[in-house]
Amino acid sequence: MNKPIVVGINGSERSETALAWALRRASRSRLPVIAVYAVDDRWVSPEFQYQDLVRDAGMKLLQKVQASARAQAPGVEVEIQLRHGSAGAALREASKEASMLVVGAHDRHWLDGGPLTDRALQVVSASDSPVAVVPPTPDTGRHGVLVGVDGSEESLQAVSFAAAEADSAGDELTAVLAVHGPARWVENELPGSGLAETIVEEDRVVLAESVAGLRDRYPDLVIHQRLETDTEPAQALVDAAREARLLVIGSRGRGAFSRLVLGSTAHAVLLHAPCPTIVTRLRDIKHDED
């Protein structure tokens with residue numbers, strides 16, 4: 001059986017947007033959808049008289065979501081699951097059998113003890129499947145798939161994922177290498193040395209190698225390469241993806257993308273995600289250093 005798309009539900013408009021996005025994807029891919037709501041009842045004593053009321057409220061929310069989902073996408077099988085514990089732990093467990101985990105983006109409000117951006121980061125960090133973080137942006141007028149690369153094996157996985165996404169939808173693919181590196185400093189301090197040009201050329205080679213072989217697999221796919229050297233990586237990706245249908249980034253990388261999932265770069269990308277952003281986690285890779 002094809003693995004389902006799992007959607008995290010919390011009753012917010014952002015989770016409704018995430019559900020709608022997941023339903024459209026499920027309809028195209030002919031996959032089932034599972035809507036998951038976590039009742040964080042770790043603080044509730046078994047004798048607490050309102051425990052059943054809290055759980056009943058969660059189930060009513062899920063039933064409402066299921067009815068809405070069936071109306072939006074009649075051809076998609078929609079299951080609901082009420083889980084217990086923290087939202088992050090519940091979604092992490094659900095991701096083990098999912099083709100993709102989908103959550104709403106940050107909405108600048110505090111819910112259940114933390115901002116939704118942090119929840120998204122927790123889910124991305126722990127998920128066993130790719131995670132899509134969906135902001136409330138309109139779908140109309142958007143086109144193209146953008147992928148962040150840095151030469152690491154994880155980013156190559158992201159490129160492979162993004163290329164398949166673009167090809168299946170008839171979209172163009174743009175690979176972006178964003179390195180706020182030493183080239184400008186070298187140019188200012190050592191003018192005429194040629195070293196700055198050498199650094200940039202090495203970056204161009206990394207970018208070209210990141211998409212090498214894609215034309216053999218996808219002969220009809222239009223591929224663009226974009227090198228950004230004057231902007232921080234997160235800002236470069238956000239700016240480049242403002243009109244994109246989809247942004248894809250790897251679960252972790254080297255250099256400017258180091259610790260992408262857990263650090264400030266991912267936080268900034270997800271906080272300001274201009275379009276649905278998928279963080280790939282295709283397989284575990286051992287690293288020599290942390």
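In the predicted model, V147 touches A158, V159, A162, L173, T174, A175, V176 and V248, leaving aside residues up to four places away in sequence. V147 belongs to the largest nonpolar core, a set of 47 residues, in which V7, V102, V147 and L173 touch the most other members. A second core, separate from this one, comprises 26 residues, with A94, A234, L237 and C275 among them. In soluble globular proteins, nonpolar side chains tend to be buried together.

Three of the residues touched by V147, namely A158, V159 and A162, are also among the buried residues of helix α5. This helix covers residues 153-169 and contains 17 residues. From the first C-alpha to the last, α5 reaches 25 Å, close to the 24 Å expected at 1.5 Å a residue. The buried positions of α5 are E154, S155, Q157, A158, V159, F161, A162, A163, E165 and A166. An α-helix has 3.6 residues a turn, so residues three or four places apart point the same way. Just after α5, G170 adopts a positive phi of about 70°.

Towards the start of the chain, I9 occupies the loop between β1 (5-8) and α1 (13-29). I9 counts as buried because its relative accessibility is 7%, below the 20% cut-off. Beyond residues up to four places away in sequence, I9 touches S15, L19, A35, V36, Y37, L61 and V65. The C-alpha atoms of I9 and A87 lie 9.2 Å apart in space, although the two residues are separated by 78 residues in sequence.

Over the chain as a whole, the secondary structure amounts to ten helices and twelve strands. Of the 290 residues, 48% count as buried. Among contacts in the chain with a separation of 6 or more, 78% are between residues 24 or more positions apart. The chain exposes about 14,900 Å², of which carbon and sulfur atoms supply 48%.

The mean pLDDT of the chain is 82, and 76% of the residues reach 70 or more. Among the elements of the chain, β1 has the highest mean pLDDT, at 96, whereas strand β5 (residues 110-111) has the lowest, at 43. The pLDDT is below 50 over residues 109-117, a stretch with 17 contacts in the model beyond near neighbours in sequence. Residues 253-263 likewise have a pLDDT below 50, and this stretch has 35 such contacts in the model. Where pLDDT is low, the predicted coordinates should not be read in detail.

Terms used: Residues numbered from 1 in each chain as written. Predicted model: local features only at pLDDT ≥ 70, side-chain atom pairs only at ≥ 80, totals over all residues. Heavy atoms only, no water. Helix = DSSP H or I, 4+ residues; strand = E, 2+ residues; numbered from the N terminus. Buried < 20%, exposed > 50% of the residue type's maximum accessible area, 1.4 Å probe, protein only. Contact = heavy atoms within 4.5 Å. Core = buried A, V, L, I, M, F, W, Y, C linked by side-chain atoms within 4.5 Å. Areas by Shrake-Rupley, 256 points an atom, 1.4 Å probe, with all protein chains shown as cover. Expected span 1.5 Å × (residues − 1). pLDDT = per-residue confidence, 0-100.
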